[in-house]
Amino acid sequence: MLRERYNGVDYSGEIIKSGKVIGKHNGVYNFTIGQRKRALGNYVVGLNGNDVVVSDNPVAVNEIKVGSINWTGYFCEDVMVQTRYRQKAVRAKISVDGRVRFAEPQYSIGWGEVAVFSDGD
């Protein structure tokens, strides 16, 4: 369990919406960008220290920057990309420096997520 991994360090904090505290939580490690569970019916849109920032709507992005790319074939600018488990792959363009521009805005992509690319096959 994550709680044991943190050796008793207190990672509790507040749940904040529109700059106001709407609740408390017992561990920031229980939250990821985009989730609603434990977020009092809201979407988690940010983590600020031990505080969890929530909103009525998820955050949409048109572009992300990925690092530590492991190319296992040839470079292809037009790709299908999956950024979340169980998410359907979506169309995007990727540059050799790791910039990914989505064909349509994507929601709830958090820092540290894995991005999987394919040429559609």
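Biologist: What makes I64, V66, V79, V81, V90, A92, I94, V100, F102 and I109 the largest nonpolar core?

Modeller: In this predicted model, these 10 residues make up the largest nonpolar core. The term applies because such a set consists of buried residues of the nonpolar kinds listed for a core, joined through side-chain atoms within 4.5 Å; buried here means under 20% relative accessible area.

Biologist: Which elements give two or more residues to this core?

Modeller: They are β6 (78-82), β7 (90-94) and β8 (99-107). β7 gives the most, with 3 residues.

Biologist: Which residues is I64 in contact with, leaving aside its neighbours within four places in sequence?

Modeller: I64 is in contact with T83, G98, R99, V100, F102 and I109. A second, separate core has 8 residues, including V28, F31, V52 and V54.

Biologist: Why is the pair K24 and E14 called a salt bridge?

Modeller: The closest N and O atoms of K24 and E14 are 3.5 Å apart. The cut-off is 4 Å between a side-chain nitrogen of Lys or Arg and a carboxyl oxygen of Asp or Glu, so the pair qualifies.

Biologist: How do you know whether K24 and E14 are buried or exposed?

Modeller: K24 has a relative accessible area of 64%, and the limit for exposed is over 50%, so K24 is exposed. E14 has 27%; partly exposed covers the range between the buried limit of under 20% and the exposed limit of over 50%, so E14 is partly exposed.

Biologist: What makes E63 and R99 a salt bridge, and which parts does the pair tie together?

Modeller: Their side chains meet at 3.9 Å, N to O, and the limit is 4 Å; therefore the pair counts as a salt bridge. E63 lies in strand β5 and R99 in strand β8, so parts that are 36 residues apart in sequence are tied together. E63 is partly exposed at 36% relative accessibility, as is R99 at 40%.

Biologist: Why is the same term used for K93 and D78?

Modeller: The N to O value for K93 and D78 is 2.5 Å, and the cut-off is 4 Å, so this pair also meets the rule. K93 lies in strand β7 and D78 in strand β6, so the pair ties together parts that are 15 residues apart in sequence. K93 is partly exposed at 41%, and D78 is partly exposed at 45%.

Biologist: What joins E63, D97, R99 and R101 into one network?

Modeller: Salt bridges that share partners join them. By this rule, the count comes to 6 salt bridges.

Note on methods
Residues numbered from 1 in each chain as written. Predicted model: local features only at pLDDT ≥ 70, side-chain atom pairs only at ≥ 80, totals over all residues. Heavy atoms only, no water. Buried < 20%, exposed > 50% of the residue type's maximum accessible area, 1.4 Å probe, protein only. Helix = DSSP H or I, 4+ residues; strand = E, 2+ residues; numbered from the N terminus. Contact = heavy atoms within 4.5 Å.
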